[in-house]
Amino acid sequence: QVQLVESGGGLVQVGESLTLSCAASGSIFSLHAMGWYRQAPGKQRELVATTTSGGSTNYADSVKGRFTISRDNAKNTVYLQMNSVKPEDTGVYYCKVDLWDFRRLSYVYWGQGTQVTVSA
């Protein structure tokens, strides 16, 4: 069993910064791709940013230059630094983790989601 605990969401003003964290724990042999997705009211869940075990990153065009994804493999944690936030960044943010458990079986886990609200 693997648990993902997200934290860091909240209410911020336009132009401010926010950092999200997602910590994985449990039967983890190795972490592979880790990422953040978001879902705004009435919209589908969309990719925000991903990072591979090798450190490569990928961002949605809408957040390039404003958001930074990073990971601490020693802590099994992925972060999303959100700068210069805009009202359209409002939504529920979910982390997603691809991993191997101790049986070398591959699994994908999603966090419970954390609400980010940007007020104008």
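# A tour of selected side chains

Begin by selecting D61, which counts as exposed because its relative accessibility is 65%; exposed means over 50% relative accessible area, buried under 20% and partly exposed in between, with a 1.4 Å probe and protein chains only. The model is predicted, so local features need pLDDT of at least 70 and side-chain atom pairs count only at pLDDT 80 or more, whereas totals for chains, interfaces and linings use all residues. Residues are numbered from 1 along each chain as its sequence is written, and side-chain values use heavy atoms, with hydrogens and water left out.

**Stop 1: the salt bridges**

Keep D61 selected and add K64: their side chains form a salt bridge with an N to O distance of 3.1 Å. The term denotes a side-chain nitrogen of Lys or Arg within 4 Å of a carboxyl oxygen of Asp or Glu. By this rule the model has 5 salt bridges.

Next, select R38 and D89, whose side chains meet in a salt bridge at 2.9 Å, N to O. R38 belongs to strand β4 (residues 30-39) and D89 to the loop between β8 (77-82) and β9 (91-100), so this pair ties together parts 51 residues apart in sequence. Strands here are DSSP runs of E with at least two residues, and helices are runs of H or I with at least four, numbered from the N terminus. D89 counts as buried because its relative accessibility is 0%.

Now add R66, which forms a salt bridge with D89 through N and O atoms that are 2.8 Å apart at their closest. This pair also links distant parts of the chain: D89 is in the loop between β8 and β9, while R66 is in the loop between β6 (57-59) and β7 (67-72), 23 residues away. R66 is buried, at a relative accessible area of 10%. Salt bridges with shared partners join R38, E46, R66 and D89 into one network.

**Stop 2: the surroundings of R38**

Centre the view on R38 in strand β4. Is this residue buried or exposed? R38 counts as buried, because its relative accessibility is 5%. Its side chain makes polar contacts with the side chains of S62, at 3.4 Å, and Y93, at 2.9 Å. A polar contact is a pair of N or O atoms within 3.5 Å; within protein, one must be able to donate a hydrogen and the other to accept it, and residues adjacent in sequence count only if both atoms are side-chain atoms. Leaving aside residues up to four places away in sequence, R38 touches several others, including Q44, V48, V63, F67 and V92; contact means heavy atoms within 4.5 Å.

**Stop 3: T19**

Move to T19, in strand β3 (residues 18-26). T19 counts as partly exposed, because its relative accessibility is 35%. Which residues does T19 touch, not counting those up to four places away in sequence? They are S7, G8, L80 and Q81. With Q81, T19 shares a side-chain polar contact of 2.5 Å. For a distance label, pick the C-alpha atoms of T19 and T68: they are separated by 9.4 Å, although the residues are 49 apart along the chain.

**Stop 4: a nonpolar patch**

Finally, select F29, W100 and F102, which make a nonpolar surface patch of about 310 Å². Patches consist of residues with over 30% relative accessible area and no salt bridge, with like charges joined within 9 Å and nonpolar side chains (Val, Leu, Ile, Met, Phe, Trp, Tyr) within 5 Å. Accessible areas come from the Shrake-Rupley method with a 1.4 Å probe; for residues, only the protein chains shown count as cover. F29 is located in the loop between β3 and β4 and, at 39% relative accessibility, counts as partly exposed.
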